[in-house]
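User: Could you take a close look at the aromatic rings in this model and at the packing around them? I would like one connected account, with the cut-offs behind each term.

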Amino acid sequence: MTRKELIGHFFELTEREAYSRNNPSAKPSAFYHFLEEEGYLEADGVYHMPSIFFAYQDSSPPKTWTDSIDKSPYQSIFRIKKATRFQQEPLSYADFLCIRYVYSGEALITTRDSRFVMRQNDILLINSGFVLSQYLMHEDDVVFTLMFEKDYLIHHVLNNKAAGNVISRFISSYIMSSTNPRNYILFHGKDNDRIPRVIEDMLMEYTAPTDLGTILLEAYLQILLVEMSHSDYEFRQDRDSRHLYVIAEILDDIDRNYSTVTLQSLSEKYSYNSDHISRQIRRATGKTFKDYLLDRRMEAVCSALKNTSLPISEIESEAGFQNETYFYKQFRRKYGMTPNEYRGMPG
């Protein structure tokens, strides 16, 4: 499939959209059915979606390009949906994190207490628990939603510096919160033509898989996050969730100062006791402070082994290791070889 063919599919009118356009007062029964099957209706009339892993029972080959999105083999990584035009979504919220992107036209967003319009190249990063609905009223309105569970974000996004500080903080609040934080960030891509290109690349792979698909999708996501972090943005957050954002600064601090940082120094700098910081690091990364710090130091060692000719003793010292025996023991445990053997490996 060429890029031109892909873009043409974006604007194709589905049977459901054609019916809704010609019958504007009709209830979007298919979408409501979808919400009722995969989520549930709460007492206040808001739909709740607990997981992105909603099942599609139909295993037949996709009949349309839109159908190929719903049947993509990459749904176990994260999910993408193309918004249906001419249908007013009901108010709903999810237990997962979403990115809504306006590829073309605009989208009317309604929350519990406000309305705003997303325009072309705008990106809405939505935390779990934020209640909203969306309405696309024109044929050239094309909107895609990317949905992510916590495990994926922990392993592939949170600790990657491509996410940028504000995005890392936002994702941290989602991962660490025991409740549903009600907040979002609206990024304005404006004239950044790299954003639609990476969305196109992502959808090309998502609907027409290749052997390297998983690697490509993760790379495209990182590029998207970089471009988002370079954009102007509007941030809305709950007052009660603000303390959650500090974990991103702590992790960034460890990444930058891995050779000297200690739990005590972090405690003094951020005015939290060391036990609290340890718990939050484990909650955000799945690792103890000691293991997280060790990983950062080992990454620095491996980089120096491959990219410099410095003596190993100097490399281990600059990475923060003060005990040579401990360093060699941990290196062999992690990589199954000595530092010299690692340095001599091809590539």
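Analyst: What follows goes from the ring pairs to the nonpolar cores, then to a pair of helices and two backbone angles.

This is a predicted model, in which local features need pLDDT of at least 70 and side-chain atom pairs count only at pLDDT 80 or more, while totals for chains, interfaces and linings use all residues. Residues are numbered from 1 along each chain as its sequence is written, and side-chain values use heavy atoms, with hydrogens and water left out.

A search of the whole structure finds 17 aromatic pairs, where rings of Phe, Tyr and Trp (its six-membered ring) pair if their centres lie within 6.5 Å, and planes under 30 degrees apart count as stacked, over 60 as edge-to-face and the rest as tilted. One of these is the edge-to-face pair of Phe-10 and Phe-144, with 5.0 Å from centre to centre and 65 degrees between the planes. Because Phe-10 lies in helix α1 (residues 3-10) and Phe-144 in strand β10 (residues 142-148), the pair ties together parts that are 134 residues apart in sequence; helices (H or I, at least four residues) and strands (E, at least two) are DSSP runs, numbered from the N terminus. Phe-10 counts as buried at 0% relative accessibility, and Phe-144 counts as buried at 1%, where buried means under 20% relative accessible area, exposed over 50% and partly exposed in between (1.4 Å probe, protein chains only).

The rings of Phe-331 and Tyr-342 are also edge-to-face, because their centres are 5.8 Å apart and their planes stand at 90 degrees. Phe-331 belongs to helix α14 (residues 324-335) and Tyr-342 to helix α15 (residues 339-344), so this pair ties together parts that are 11 residues apart in sequence. Both Phe-331 and Tyr-342 are buried, and ring pairs link them with Phe-321, Tyr-326, Phe-327, Tyr-328 and Tyr-335 into a cluster. Lys-306 lies over the face of Tyr-342, at 5.2 Å from the ring centre, and the charged end of Arg-296 sits over the ring of Tyr-292, 4.5 Å from its centre (a charge sits over a ring if NZ of Lys or CZ of Arg is within 6 Å of the ring centre and within 35 degrees of the ring normal).

Phe-144 is also among the residues with the most contacts inside the largest nonpolar core, which has 63 residues; such a core is a set of buried Ala, Val, Leu, Ile, Met, Phe, Trp, Tyr and Cys residues joined through side-chain atoms within 4.5 Å. Helix α7 (residues 194-207) gives the largest share of this core, 7 residues. Apart from it lies another core, of 14 residues, including Val-301 and Met-337.

The axes of α1 and α7 come within 11 Å and cross at roughly 90 degrees, the axes being lines fitted to C-alpha atoms, for helices over the stretch in contact, with angles that run from 0 to 180 degrees between N-to-C directions. That makes α1 roughly perpendicular to α7, since angles under 35 degrees count as roughly parallel, over 145 as roughly antiparallel, 65 to 115 as roughly perpendicular and the rest as oblique. Arg-3, Leu-6, Ile-7 and Phe-10 in α1 meet residues of α7 that include Arg-197 and Met-204, contact meaning heavy atoms within 4.5 Å.

Most residues other than glycine have a negative phi. Phe-86, in the loop between β3 (79-82) and β4 (92-94), has a positive phi of about 65 degrees and is buried, with a relative accessible area of 11%. Lys-190, in the loop between β11 (184-188) and α7, has a positive phi near 50 degrees and is exposed, with a relative accessible area of 55%.
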